[in-house]
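Trainee: Could you take me slowly through one part of this model, the contacts between side chains? Please add whatever strand background is needed to place them.

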Amino acid sequence: QVQLVESGGGLVQPGGSLRLSCAASVIIRDINHMGWYRRAPGKERELVATITTGGIPNYAQSVKGRFTISRDIAKNTIYLQMNSLKPEDTAVYYCNVPIFDLYSSNYSADLGSWGRGTQVTVSS
């Protein structure tokens, strides 16, 4: 079980920026596809961005070009820089460490570890 603590959420106007942080109890250089997910009111949880052990990012199409995921290996922390925020970005953002699911032979966020989340609200 991995302990994950998110921070940096808040209220921002459309077009504004926020930077989320996720501090992990695990050595994140060893974790593949660690990343960020979000759940908007009345919506299913969706992938926002993940990053591989090699530092390769993967983004949801809806945030590509606006959000950037990054890591600080020494601090065991990942970040999500969110620019040009839109009202539809309003959601609770969760940090995730997946596990490799032998049944599906794929990485599973659902079966992994989750932080408690940080609220991001984009509104005028």
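Mentor: What follows covers the charged contacts, then the aromatic ones, and then a sheet as background.

Two remarks on the source come before the details. The model is predicted, so local features need pLDDT of at least 70 and side-chain atom pairs count only at pLDDT 80 or more, while totals for chains, interfaces and linings use all residues. Residues are numbered from 1 along each chain as its sequence is written, and side-chain values use heavy atoms, with hydrogens and water left out.

Take the charges to begin with. Side chains of opposite charge can pair when their charged atoms come close. The structure holds four salt bridges, each defined as a side-chain nitrogen of Lys or Arg within 4 Å of a carboxyl oxygen of Asp or Glu. In one of them, Arg38 meets Glu46 at 2.8 Å, N to O. Glu46 is partly exposed at 34% relative accessible area, whereas Arg38 is buried at 5%. For these words, buried is under 20% relative accessible area, exposed is over 50%, and partly exposed is in between, with a 1.4 Å probe and protein chains only.

Arg38 also forms a salt bridge with Asp89, at 3.0 Å from N to O. Arg38 belongs to strand β4 and Asp89 to the loop between β8 and β9 (91-101), so this pair ties together parts that are 51 residues apart in sequence. Strands here are DSSP runs (E, at least two residues), numbered from the N terminus. Asp89 is buried, with a relative accessible area of 1%.

Another salt bridge joins Arg45 and Asp110, at 2.1 Å from N to O. Arg45 is in the loop between β4 and β5 (46-51) and Asp110 is in strand β10, 65 residues apart. Arg45 counts as partly exposed at 31% relative accessibility, and Asp110 is exposed at 56%. Elsewhere, salt bridges with shared partners connect Arg38, Glu46, Arg66 and Asp89 in one network.

Now the rings. There are three aromatic pairs; rings of Phe, Tyr and Trp (its six-membered ring) pair if their centres lie within 6.5 Å, and planes under 30 degrees apart count as stacked, over 60 as edge-to-face and the rest as tilted. Tyr37 and Trp114 make an edge-to-face pair, 5.3 Å from centre to centre with 70° between the planes. Tyr37 sits in strand β4 (residues 34-39) and Trp114 in strand β10, 77 residues apart. Tyr37 counts as buried at 12% relative accessibility, while Trp114 counts as partly exposed at 23%.

Phe100 and Tyr107 are also edge-to-face, at 5.2 Å centre to centre and 75° between the planes. Phe100 is partly exposed, with 45% relative accessible area; Tyr107 is partly exposed at 35%. Tyr107 is placed in strand β10 (residues 106-114). As for clusters, Tyr37, Tyr94 and Trp114 belong to one.

Phe100 and Tyr107 join Leu102 in a nonpolar surface patch with about 340 Å² of accessible area together. A patch takes residues with over 30% relative accessible area and no salt bridge, joining like charges within 9 Å and nonpolar side chains (Val, Leu, Ile, Met, Phe, Trp, Tyr) within 5 Å. The areas come from the Shrake-Rupley method with a 1.4 Å probe, and for residues only the protein chains shown count as cover.

Last, the sheet. Four strands make an open sheet in the order β1-β3-β8-β7, with antiparallel pairing; two strands pair if DSSP finds at least two bridges between them. Its edge strands are β1 (4-7) and β7, each pairing on one side only.

Strand β7 (residues 67-72) and strand β8 (residues 77-82) pair over six bridges. Phe67 has Met82 as its bridge partner, and Arg71 has Ile78. The two strands form a hairpin with four residues between them, and Asn76 in the turn has a positive phi of about 50°.

At the other edge, β1 is joined to strand β3 (residues 18-24) by four bridges, with Ser21 as the partner of Ser7. In a regular strand the side chains alternate between the two faces of the sheet. Along β1, Leu4 and Glu6 point to one face and are buried, while Val5 and Ser7 point to the other and are not.
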